[in-house]
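Visitor: Hey, I'm new to this one. Could you walk me through it?
Guide: Sure, let's have a look together.

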Amino acid sequence: QVQLVESGGGLVQAGGSLRLSCTASGRTFNNYHVGWFRQAPGKDREFVATISISPWSSTTSYADSVKGRFTISRDNAKNTVYLQMNFLKPEDTAVYYCAAGPTGQPFGSWGQGTQVTVSS
């Protein structure tokens, strides 16, 4: 199984930006899909974005609430997936989790989460 470590969370004002990182150890992300999820206090965990990674391409998808503001990307050399978050809103405040799994299979590996707080 792949081990995941998230970083990059913090406190930012509304309209600001943050970049989250999800770094894998134990294996590469090749032929995996990697997702970002978030959970706000008192709410269920929700999907944010995902990227499917193969040696020759990657495909992405986003929740409607973050389309046009968030971008998921990868750096193969660093075995890292990023979530660039722009034009942040207070409702984006949550613990953000990275998850990964072999393409076509459930997300079997999860990180510990990183807190993102957006002040108004």
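**A walk through the model**

Guide: Let's begin with W56, which is found in the loop between β5 and β6 (58-62). Keep in mind that this is a predicted model.

Visitor: Okay. Is W56 buried or exposed?

Guide: W56 is exposed, as its relative accessible area is 70%.

Visitor: And how many Å separate the C-alpha atoms of W56 and S119?

Guide: They are separated by 40 Å, and the two residues are 63 residues apart along the chain.

Visitor: Let's hop over there, then. Which way do the side chains along β11 point?

Guide: They alternate: T114, V116 and V118 point to one face and are buried, while Q115, T117 and S119 point to the other face and are not buried. That fits a general pattern: in a regular strand, side chains alternate between the two faces of the sheet.

Visitor: Which strands pair with β11?

Guide: Strand β2 (residues 10-13) pairs with β11 in the parallel sense, over four bridges. β9 pairs with β11 too, in the antiparallel sense and over three bridges.

Visitor: Can you give me some residues to click on?

Guide: For β2 and β11, try V12, which stands opposite V118. For β9 and β11, try V95, whose bridge partner in β11 is Q115.

Visitor: What comes after β11 (114-119)?

Guide: S120 lies in the segment that follows that strand. S120 counts as exposed because its relative accessibility is 87%.

Visitor: What is S120 in contact with, leaving aside its neighbours within four places in sequence?

Guide: A14 and P90. As for A77, its C-alpha is 37 Å from that of S120, and the two are 43 residues apart in sequence.

Visitor: New topic: the inside. Which residues touch the most other members of the largest nonpolar core?

Guide: F29, W36, L83, M85 and Y96 do, in a core of 30 residues. The elements that give two or more residues to this core are β3 (18-25), β4 (32-39), β5 (46-53), β7 (70-75), β8 (80-85), β9 (94-102) and β11.

Visitor: Tell me about Y96. What does it touch, not counting residues up to four places away in sequence?

Guide: Y96 touches, among others, W36, L83 and M85. Its contacts also include E6, R38, T114 and V116.

Visitor: What about disulfides? How many are there?

Guide: The count comes to one disulfide. C22 and C98 form it, with their sulfur atoms 1.8 Å apart.

Visitor: Which parts does the pair tie together?

Guide: C22 lies in strand β3 and C98 in strand β9, so the pair ties together parts that are 76 residues apart in sequence.

Visitor: Is that disulfide left-handed or right-handed?

Guide: The torsion about the S-S bond of C22 and C98 is about -65°, so the disulfide is left-handed.

Visitor: And are C22 and C98 buried or exposed?

Guide: Both of them are buried.

Visitor: What else touches C22?

Guide: N79 is one residue that does. Leaving out residues up to four places away in sequence, N79 touches C22, T23, A24, R27, T28 and F29. You'll find N79 in the loop between β7 and β8.

Visitor: A loop residue, okay. Is N79 buried or exposed?

Guide: N79 counts as buried because its relative accessibility is 15%, and the cut-off for buried is under 20%. Also, a polar atom of the N79 side chain lies 3.0 Å from the backbone oxygen of R27.

Visitor: Let's finish with sheets. In what order do the strands of the four-strand open sheet come?

Guide: The order is β1-β3-β8-β7, and the pairing is antiparallel. β1 and β7 are the edge strands, each pairing on one side only. From one strand to the next, the twist averages 20°.

Visitor: How many bridges join β3 to β8?

Guide: Six bridges join them, and the two strands run antiparallel. You could click on R19, whose bridge partner in β8 is Q84.

Visitor: And β1 with β3, how many bridges there?

Guide: Five bridges, in the antiparallel sense. L4 has A24 in β3 as its bridge partner.

Visitor: Last one: which residues are on the covered face of β1?

Guide: L4 and E6 are on the covered face of β1 (residues 3-7), while Q3, V5 and S7 are on the uncovered one.

Methods:
Residues are numbered from 1 along each chain as its sequence is written. This is a predicted model: local features need pLDDT of at least 70, side-chain atom pairs count only at pLDDT 80 or more; totals for chains, interfaces and linings use all residues. Side-chain values use heavy atoms; hydrogens and water are left out. Buried means under 20% relative accessible area, exposed over 50%, partly exposed in between (1.4 Å probe, protein chains only). Contact means heavy atoms within 4.5 Å. A nonpolar core is a set of buried Ala, Val, Leu, Ile, Met, Phe, Trp, Tyr and Cys residues joined through side-chain atoms within 4.5 Å. Two strands pair if DSSP finds at least two bridges between them. A disulfide is a pair of cysteine sulfur atoms within 2.5 Å. A polar contact is a pair of N or O atoms within 3.5 Å; within protein, one must be able to donate a hydrogen and the other to accept it, and residues adjacent in sequence count only if both atoms are side-chain atoms. Axes are lines fitted to C-alpha atoms, for helices over the stretch in contact, and angles run from 0 to 180 degrees between N-to-C directions.
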